[in-house]
Structures are given as structure tokens and as C-alpha cells.
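Please look through the sequence and the structure below, and then work through the questions on how the parts are arranged.

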Amino acid sequence: MLLRARLGLGLALMLLVRIAIGDAPAAPEAGPFLFGITPVFVVDQTPFLAGFGRYLQGRLGRPVHFVQRKSYAEITDMLLGGELDAAWICSYSYVLNRTELALLGIPVFQGEPYYQSYLIVPASDGGTRGYQDLQGKVFAYVDPRSNTGYLYPRHAIGGLGKDPNTWFRETFFTWSHPDSVRAVADRLADAAAMDSYIWEVLHLNDPGLTDRTRVVGSSEKFGFPPVVGGSLLEAGEKTRLVEALLQMDRDPEGRRLLDLLYLDGFITGREDIYEGIAAMIRAAAPLVE
């Protein structure tokens, strides 16, 4: 609650100054709507977030402040602790905490609200066909709360009857999907698992980078990382935020913002599309640190 408390203190001090100079106290203005994001964007964040903030402010009637942290866990903890009103989080983080979070909107990419985990290796590696060929290699994970970049690869190795804690010679976290591509392209890692959507968008924007890697495997389809609300999000604002997301593809400015992210739009929350992740968590629970 520290971030929200600081903002509240600022409003209180402004009110005291107005009283001291003789102004009649007005009704307190609504504080900013705090929206959490993680470092997953594959486009320049500045123009997108500036436009997205204006778009949401016009529909919520409040200023919108974006709060970014390095790890998925940090944003999720802030959301659960009431320091954020809503956030765009990883599907793994959502499934782990869905009894405490409200599913507000799911992005649609290439006609579907799904994505996959891609296994990538350096383009010069012509022999690797899958996880079975990576014993003793250096592997790059994305984040301990990433579905495609951590949960799925460990689950896949467990499916081979192997221990993911000992299968690789060395592992490390890159903390973002684009950095996992760079780690493989630069031969800092022999392989990495990552978000298929991000790899595909990177391939459109920076083929010089992705052409230095090769996709050698893909997972089943999983529910796309959603926009979720915290437990303190007021019902009326929850409704307005859902409507704002669902109407983006029919609004000129919303359509422009979606195009920046190569997304078709948003659909309403569908719990069923996350069941594959929930089943994987149950099956691989002993393997997840």
C-alpha cells in the first residue's frame, strides 16, 4: 500500500494548503488509477503507454498511472496487496492467484486468445530437435512466474521422466522474453523457452535478431496473458475497464493502439482457456520452485 499511501498524502497536503489560504474545501478528487505492467512489450513502450493512458482515462474518468516492475511476482504482489487497481500479467501468475483476482479481458492474437511456448536455439544449431537433446546445456529461463518461459519447459522436461533441476548444466533468468532471444542469438545460452506471440512480433520488427535463432518446438496452446483486477477494484470501475478493453477494436484510437501491439482486440474473461495451465501446475507442482 506504500505507493497508494504516498499519493494519498500528496492529496491531503494540497487540501491543507487550500484551507490555509481560505479556500472552501472541495470534494476530494479521485486519485489516479494504478495499472501494473511487466517488461513484456515488444514495441517502444512510450508512445503505446501514453496513448493507452489517454484512452483509459477518457473511459474511467480518472488519470491513469502505469507502474512497471522487473519481475512478474512484484506486480502480482502489488496487485494482491491493494497497491494496484489492475494489471496485465502472465497467465501463470493469474492461475496461481485467480481466486483473489478478477479476469477482465483476454487479448486476441491472430484470431485466437491463445499463445504457445516456443523452444528456440541458435540458428547455427542444426541438431537440437527438442528438450531431449538439451541435457548438459545452458538454458535461459524468462521469469520464475512465466508460463511459457519457466513453467512449461520444466513441465516438458518432467514429461521426459527427467529432473529439470539437474537436466541442464547451467540456467539463468533473463527477466524478459526479448532478452531470452538475445541470449540465444548471442550464444550466451544454448536454448531458451519463450512466448510465441513475442517471438512472432519480434520477427516482424527485428528479423535480424530472430533470424539468428531457430524455433525447434512449440507447446500446446495456452490462454493469453490477461488483464486482471485486484480485490479492491470497485464494481463500477471494473465494468468500465472491461467495456474499454472490449471496445478498443471498434474505436479509432483503440484500433491504432492494438495495431501497435499486433493484437486483434480483447474478449471477456473465459476461465476455461486457462485450464491447461492449471492442470500443468497440478501435475508439475513438485518441479516448480
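Q: Which residue of β13 is the bridge partner of I106?
A: In this predicted model, strand β4 (residues 102–108) and β13 pair in the antiparallel sense, over 3 bridges. Within β13, the residue that serves as the bridge partner of I106 is I267.

Q: In what order do the 6 strands of the open sheet lie?
A: The edge strands of this sheet are β2 (64–68) and β13 (265–267), and each of them pairs on one side only. Neighbouring strands are turned against each other by 25° on average, with direction ignored. The pairing in the sheet is mixed, and the order of the strands is β2-β1-β3-β12-β4-β13.

Q: What angle does the direction of α10 make with that of β4?
A: Helix α10 packs on the sheet of 6 strands, where it touches β1 (33–37), β3 (86–88), β4, β12 (227–229) and β13. The direction of α10, set against that of β4, makes an angle of about 5°.

Q: Is α2 roughly perpendicular or oblique to α10?
A: Helix α2 (residues 45–60) and helix α10 (residues 235–246) pack with their axes 9 Å apart and at an angle of about 130°. Angles of 65 to 115 degrees count as roughly perpendicular and those over 145 as roughly antiparallel. The angle of about 130° therefore makes the relation of α2 to α10 oblique.

Q: How many residues of the contact of α2 with α10 are nonpolar?
A: On the side of α2 the contact is made by F52, Y55, L56, R59 and L60, while α10 contributes E237, R240, L241, A244 and L245. When these residues are divided by kind, no polar ones are found and 3 are charged, while the number of nonpolar residues is 7.

Q: Which residue meets R59 in a salt bridge?
A: Side chains of opposite charge can pair when their charged atoms come close. R59 lies in helix α2, and its partner lies 192 residues apart from it, in the loop between α10 and α11 (252–260), so that the pair links distant parts of the chain. The two side chains meet at 2.9 Å, N to O, and the partner of R59 is D251.

Q: Which residue of β9 stands opposite F139?
A: Strand β7 (residues 138–141) and strand β9 (residues 191–195) pair in the parallel sense over 2 bridges. They belong to an open sheet of 5 strands with mixed pairing, in the order β8-β7-β9-β6-β10, in which the edge strands are β8 (170–173) and β10 (213–218). In β9, the residue opposite F139 is A191.

Q: What angle does the direction of α7 make with that of β9?
A: Helix α7 (residues 177–185) packs on the sheet of 5 strands, touching β6 (117–122), β7, β8, β9 and β10. Its direction, compared with that of β9, makes an angle of about 155°.

Q: Is α7 oblique or roughly perpendicular to α8?
A: The contact between the two helices is made by H177, P178 and V181 of α7 and by I198, W199 and L202 of α8. Helix α7 and helix α8 (residues 196–205) pack with their axes 9 Å apart, at an angle of about 70°. Since angles from 65 to 115 degrees count as roughly perpendicular, the relation of α7 to α8 is roughly perpendicular.

Terms used:
Residues are numbered from 1 along each chain as its sequence is written. This is a predicted model: local features need pLDDT of at least 70, side-chain atom pairs count only at pLDDT 80 or more; totals for chains, interfaces and linings use all residues. Side-chain values use heavy atoms; hydrogens and water are left out. Axes are lines fitted to C-alpha atoms, for helices over the stretch in contact, and angles run from 0 to 180 degrees between N-to-C directions. Helices (H or I, at least four residues) and strands (E, at least two) are DSSP runs, numbered from the N terminus. Angles under 35 degrees count as roughly parallel, over 145 as roughly antiparallel, 65 to 115 as roughly perpendicular and the rest as oblique. Contact means heavy atoms within 4.5 Å. Ala, Val, Leu, Ile, Met, Phe, Trp, Tyr, Cys and Pro count as nonpolar, Asp, Glu, Lys and Arg as charged, and the others, Gly among them, as polar. Two strands pair if DSSP finds at least two bridges between them. A salt bridge is a side-chain nitrogen of Lys or Arg within 4 Å of a carboxyl oxygen of Asp or Glu.
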